[in-house]
Amino acid sequence: MYNVPTSLYVYIIFLFVSAFFIFAKLHSYFLLPKELHHKKMKFSIDHKSPVPLHIQAEELLRNLIKDPEYATKFLPNEVDMAKQLAISRTTLRQALNKLVYEGLLIRKKGIGTKVAEVSVSSKATNWLSFSQEMQARGIPVKNFELHISWVFPDEKLAHFFDIVTDKKVLKLERLRGKAEGAFVYFISYFHPRIGLTGDEDFKRPLYEILEKDHSVIANLSKEEISAKAADKFIASKLDVEAGSPLLFRKRYVFDQGDRPIEYNLGYYLADSFIYTVESRRDA
């Protein structure tokens, strides 16, 4: 009887195991949506992690939509993505809904989900300076104009600051936006108590200047949002016709002692700003 060398058995087993893994990889590759072939190594979540699956899916989607490829095309469909991640469509939709809510994705019924065009967004529960808002959205800030002056406050401003009308306050005017063009004109007035001189580098985030240079921490913001027609001055700054609809944002800012520190007026091009209000009903 012919004895087969042990080494030959080992070699045959090795071939079978190798063939199995190659088949498994090919099978997984062809089941994966074509759009995700080159992202397969990253398009996965850890089912053993203590981090909830919908949170992992949300973070994965945030990274996916940063890919320039998806700036002009729809995301892979939900069925394929859920299958690839080995999660339910309900879990995936929870992640997608969060990004839709934040304005990062747009869902079109019967068509699909695509990346939204970048716009400025602000939440009532987490207010920031304009520079910080833009930074959070990944939008580089461009200052088109910056004007500093000392003015006497009118009765309304003097009442808010609780000062007399013959005491000058610093007035800061800035035309700001993205590289493609300006979309907001800000007018800010600051309480003399802060100690601003006008020599500060106002290209830095405003509240960073107040905190680091003057030890003033902006802690509370009360805001009013309304529609407003552009007057001739604002229209010329934003390059629109006089009377064009604008989003008008009025902000009253207070320090940690609830003392007023800034009165800010913002005139936004109506199609360049999204204001999100998040409310929770008490049980």
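1. Start with Tyr267. In this predicted model, Tyr267 is buried, with a relative accessible area of 12%. The cut-off for buried is under 20%, so Tyr267 at 12% falls inside it.

2. The overall count comes next. The structure holds nine aromatic pairs. Two of them are described here, in points 3 and 4.

3. Tyr185 and Phe233 form an edge-to-face pair. Their centres are 5.6 Å apart, and the planes meet at 85 degrees. The pair links distant parts of the chain. Tyr185 sits in strand E6 (residues 181–190), while Phe233 belongs to helix H8 (residues 232–238). The separation is 48 residues. Tyr185 is buried, at 1% relative accessible area. Phe233 is partly exposed, at 40% relative accessibility.

4. Tyr267 returns here as the partner of Phe248. This aromatic pair is tilted: 5.0 Å centre to centre, with 35 degrees between the planes. Phe248 lies in strand E8 (residues 245–254) and Tyr267 in strand E9 (residues 260–269). The two are 19 residues apart, and the pair links distant parts of the chain. Phe248 is buried, with a relative accessible area of 9%.

5. There is also an aromatic cluster. Phe160, Phe161, Tyr189, Tyr252, Phe254 and Tyr263 make it up.

6. Phe254, one of the cluster residues, also has a lysine over its ring: Lys222 lies over the face of Phe254, 5.3 Å from the ring centre.

7. Lys114 is placed over the ring of Phe74. Its charged end is 5.6 Å from the centre of that ring.

Terms used
Residues numbered from 1 in each chain as written. Predicted model: local features only at pLDDT ≥ 70, side-chain atom pairs only at ≥ 80, totals over all residues. Heavy atoms only, no water. Phe/Tyr/Trp six-rings, centres within 6.5 Å; stacked < 30°, edge-to-face > 60°. Helix = DSSP H or I, 4+ residues; strand = E, 2+ residues; numbered from the N terminus. Buried < 20%, exposed > 50% of the residue type's maximum accessible area, 1.4 Å probe, protein only. Lys NZ or Arg CZ within 6 Å of the ring centre and 35° of its normal.
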